[in-house]
Number of protein chains: 2
Amino acid sequence: MLELAILGLLHESPMHGYELRKQLNTKLGAIRAAISYGSLYPTLRRLQTDGWITEEPGAESTDPGVPPLTTRRGRVVYKITAEGKERFQTLLAELGPETFEDAGFGVHFAFFARTDADTRLRILEGRRRRIEERREGMRQAISRAAERLDAYTLELQRHGLDACEREVRWLEELIATERSGRQPGDGPPTGPAAPAAGSTRHPG
Amino acid sequence: MLELAILGLLHESPMHGYELRKQLNTKLGAIRAAISYGSLYPTLRRLQTDGWITEEPGAESTDPGVPPLTTRRGRVVYKITAEGKERFQTLLAELGPETFEDAGFGVHFAFFARTDADTRLRILEGRRRRIEERREGMRQAISRAAERLDAYTLELQRHGLDACEREVRWLEELIATERSGRQPGDGPPTGPAAPAAGSTRHPG
DNA sequence: GTGGCGATGTATCGTAGCGATACATCGGGC
DNA sequence: GCCCGATGTATCGCTACGATACATCGCCAC
């Protein structure tokens with residue numbers, strides 16, 4: 001998962017580790033706590049040996065007119081390679097069971113803007129299916145509750161069930177939006193008004 | 001976290017690994033996917049060497065009149081020791097930063113019935129504080145959104161923010177319930193009617 | 001009666017990711 | 001002149017996961 005996320009961010013612009021971590025936490029803040037350096041640096045190392053990214057000595061400030069936003073004291077700046085971009089596209093389109101779990105889904109969703117419309121739909125539907133399974137599990141647990149669950153465990157299940165139901169509804173809306181060719185944030189369906197170009201971007 | 005959860009379940013009754021995993025998944029299903037055997041067995045091993053639990057050869061069926069609920073083909077049955085029970089109480093009352101993260105909070109909450117009222121309140125308040133921090137992080141991200149976040153990332157943040165707001169409200173209710181000396185599931189505040197004995201149970 | 005199959009059951013291996021920690025530099029306030 | 005907090009790179013030990021292997025049991029179809 002980290003591999004995909006890192007490649008995705010470096011796809012947008014080269015960065016050093018510290019900045020990468022900050023961006024990662026902003027982009028994925030809604031789904032996971034915080035990426036640890038104990039994960040980040042080893043992964044960066046691996047990505048280098050695999051040839052997906054390269055390491056460059058961070059220039060202090062090559063051009064005084066253009067203060068490089070994220071290279072202050074500049075040490076190591078990581079940059080994605082052409083192979084890395086291909087790798088990124090491959091990972092984006094590769095849907096395993098992991099894709100529909102919390103972390104996997106979150107990362108994939110965070111890069112939906114670079115994902116083609118078909119894949120987006122498949123991911124949303126897979127996620128919905130996964131959450132529906134979870135929901136059923138909790139419903140079962142609650143209905144068999146009086147047997148063995150205490151009031152607190154039961155309350156936890158109820159809260160979990162509620163969260164699942166909400167997420168399913170959220171996904172339904174997103175799926176509907178996708179099918180209509182719009183993007184989240186575009187106005188609600190006020191008729192077939194200018195849906196603004198293709199939904200698949202292919203930068204690079 | 002697993003250590004606490006396992007001790008908690010074995011506190012209720014001896015079990016073998018398979019059954020333990022099932023109960024674990026029921027009890028914690030609302031907060032985490034599924035405990036893997038790759039976590040479970042090594043942890044059981046560790047708990048044994050530390051002396052918190054003991055291993056017993058699973059009797060096939062010692063008493064035909066009392067079919068042992070969970071020992072079918074019986075292999076290894078794990079049982080908590082007296083030291084293990086103390087250890088469990090210690091872990092229950094030990095509040096680190098981890099206690100307020102998703103997994104930690106879930107496990108602690110799942111055993112609230114065995115936690116004393118003061119600790120319960122401290123945990124709920126700590127969790128609320130933690131979620132409020134997360135919520136603020138997302139609010140920040142959303143308000144600085146136009147700068148760099150695409151429509152999908154933004155939508156993810158919105159959904160995360162919504163989830164945080166709901167959890168805070170849920171926690172507020174639980175805190176209010178705690179302060180009034182009730183348990184979740186007891187009727188709403190219809191006056192000071194029979195609050196049913198002490199809220200702290202001390203089994204064993 | 002036997003063959004297969006799904007549930008029960010124990011166990012290990014490789015790997016991802018976390019939390020703590022160490023250390024170094026930079027800018028600014030006192 | 002000095003300390004402190006933000007920036008920045010990096011490793012270590014540990015927890016836990018996911019895949020996999022393997023064995024037994026009960027049951028149903030053939």
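## Symmetry of the two copies

Let's start with how the chains relate to each other in this predicted model. Chain B superposes on chain A through a rotation of 180° with 0.0 Å of shift along the axis, and the RMSD of that fit is 0.0 Å. The two copies are thus related as by a two-fold rotation axis. If you would like a landmark for the axis, look at Ala163(B): among the residues of chain B, its C-alpha comes closest to the axis, at 3.8 Å.

## Where the chains meet

The contact between the copies draws 30 residues from chain B and 29 residues from chain A. On the chain B side, four helices each supply at least two residues: H2 (17-28), H5 (102-110), H6 (117-143) and H8 (151-179). H8(B) gives the largest share, with eleven residues. By residue class, the side of chain B that touches chain A holds 16 nonpolar, ten polar and four charged residues.

The two sides also match well in sequence position. Of the interface residues of chain B, 97% are interface residues in chain A too, so the copies meet through the same surface.

## Helix packing within chain A

A general reminder helps here: two packed helices are described by the angle between their axes and the distance between the axes. In chain A, helix H1 (residues 2-12) packs against helix H2 (residues 17-28) at an angle of about 105°, and the axes are 11 Å apart. Because angles of 65 to 115 degrees count as roughly perpendicular, H1(A) is roughly perpendicular to H2(A).

On the H1(A) side, the contact is made by Ala5(A), Ile6(A) and Leu9(A), while H2(A) brings Leu20(A), Gln23(A), Leu24(A) and Leu28(A). Six of these contact residues are nonpolar, one is polar and none is charged.

## A closer look at H3 of chain B

Helix H3 of chain B covers residues 37-49, which is 13 residues. At 1.5 Å a residue these should span 18 Å, and the end C-alpha atoms are indeed 18 Å apart, so the expected and modelled spans agree. After H3(B) comes Gly51(B), whose phi is positive, near 85°.

## Confidence along chain A

The mean pLDDT of chain A is 83, with 81% of its residues at 70 or more. Two stretches deserve a more careful eye. Over residues 59-73 of chain A the pLDDT is below 50, and this stretch has eleven contacts in the model beyond near neighbours in sequence. Residues 191-204 of chain A also have pLDDT below 50, again with eleven contacts beyond near neighbours in sequence.

Key
Residues numbered from 1 in each chain as written. Chains lettered and ligands numbered in written order. Predicted model: local features only at pLDDT ≥ 70, side-chain atom pairs only at ≥ 80, totals over all residues. Contact = placed C-beta atoms within 7 Å. Nonpolar A, V, L, I, M, F, W, Y, C, P; charged D, E, K, R; others polar. Least-squares fit on C-alpha atoms with pLDDT ≥ 70 in both. Expected span 1.5 Å × (residues − 1). Axes fitted to C-alpha atoms, helices over the stretch in contact; angles between N-to-C directions. Parallel < 35°, antiparallel > 145°, perpendicular 65-115°, else oblique. pLDDT = per-residue confidence, 0-100.
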